[in-house]
Amino acid sequence: MKVGYGPAGLFEYNASKELIMRLKHNTDMVQSIAEFARSKGVKAGNFTAIGALKRAELGYYDQRNHEYRKIRIDSPYELASCVGNVSLKDGEPFVHAHAVLSDEKGNTRAGHLLEGIVFAAEVHLSQLEGPKLERKYDEVTGLSLWDIE
Ligand code: ZN
């Protein structure tokens, strides 16, 4: 298989508002950030978050079978790092986040963040202004990817 290079598509944005929030105890951070983006009219953006989670569900995307394998984490972990973005899916703000979680020994587990129940979390969301950034189903990967071709 030939390996190419370069972006599949490119949009340009201007930085808009910087939004700082603390998430509520016992809420799902993925849904909370999406709801916050909806309430603030954020249609494109990126964020970072740190804190601690009471439990979580991570995903590993099975590239052969085109499905997420779920990794349940039922104990408290540090949210050592979380990065993600906001774009539109079916016309609504949608959060795509990845997380690195660490346990009491500093060992990490990481992946696509499907659910993260907040113990405490601080989020910095940067709003972007520019073209409509919408996800569309992609046959090749089986994922909803940015429609920027
Ligand atoms: Zn992902």
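In this predicted model, a zinc ion is held by three histidines: H96 and H98 each coordinate the zinc ion through NE2, and H112 does so through ND1, at 2.0 to 2.1 Å. Along the sequence, these donor residues follow the spacing H-x1-H-x13-H. H96 belongs to strand β5 (residues 92-102) and H112 to strand β6 (residues 108-129), so this pair ties together parts that are 16 residues apart in sequence.

Two of these ligands can also be described by their accessibility. H96 counts as partly exposed, since its relative accessibility is 23% and the buried class ends at 20%. H112, with a relative accessible area of 13%, is buried.

Attention now turns to helix α1. This helix comprises the twelve residues 29-40, which at 1.5 Å a residue should span 16 Å; the C-alpha atoms at its ends are 16 Å apart, in agreement with that expectation. Its buried residues are M29, V30, I33, A34, F36 and A37. Viewed down the axis of α1, these buried residues fall within an arc of 160 degrees, and they therefore line one face of the helix. The general geometry of helices accounts for such a pattern: an α-helix has 3.6 residues a turn, so residues three or four places apart point the same way. On the other side of α1, Q31 and S39 are exposed.

The cover over the buried residues of α1 includes strands β1 (14-23), β2 (45-62) and β4 (77-89), together with β5 and β6. Strands β5 and β6 thus return here, having already supplied the zinc ligands H96 and H112, respectively. Just after α1, G41 adopts a positive phi of about 70 degrees.

Methods. Residues numbered from 1 in each chain as written. Predicted model: local features only at pLDDT ≥ 70, side-chain atom pairs only at ≥ 80, totals over all residues. Heavy atoms only, no water. Donors = N, O, S within 2.8 Å, 3.2 Å for Na, K, Ca; no water. Helix = DSSP H or I, 4+ residues; strand = E, 2+ residues; numbered from the N terminus. Buried < 20%, exposed > 50% of the residue type's maximum accessible area, 1.4 Å probe, protein only. Expected span 1.5 Å × (residues − 1). Arc of directions from axis to C-beta. Contact = heavy atoms within 4.5 Å.
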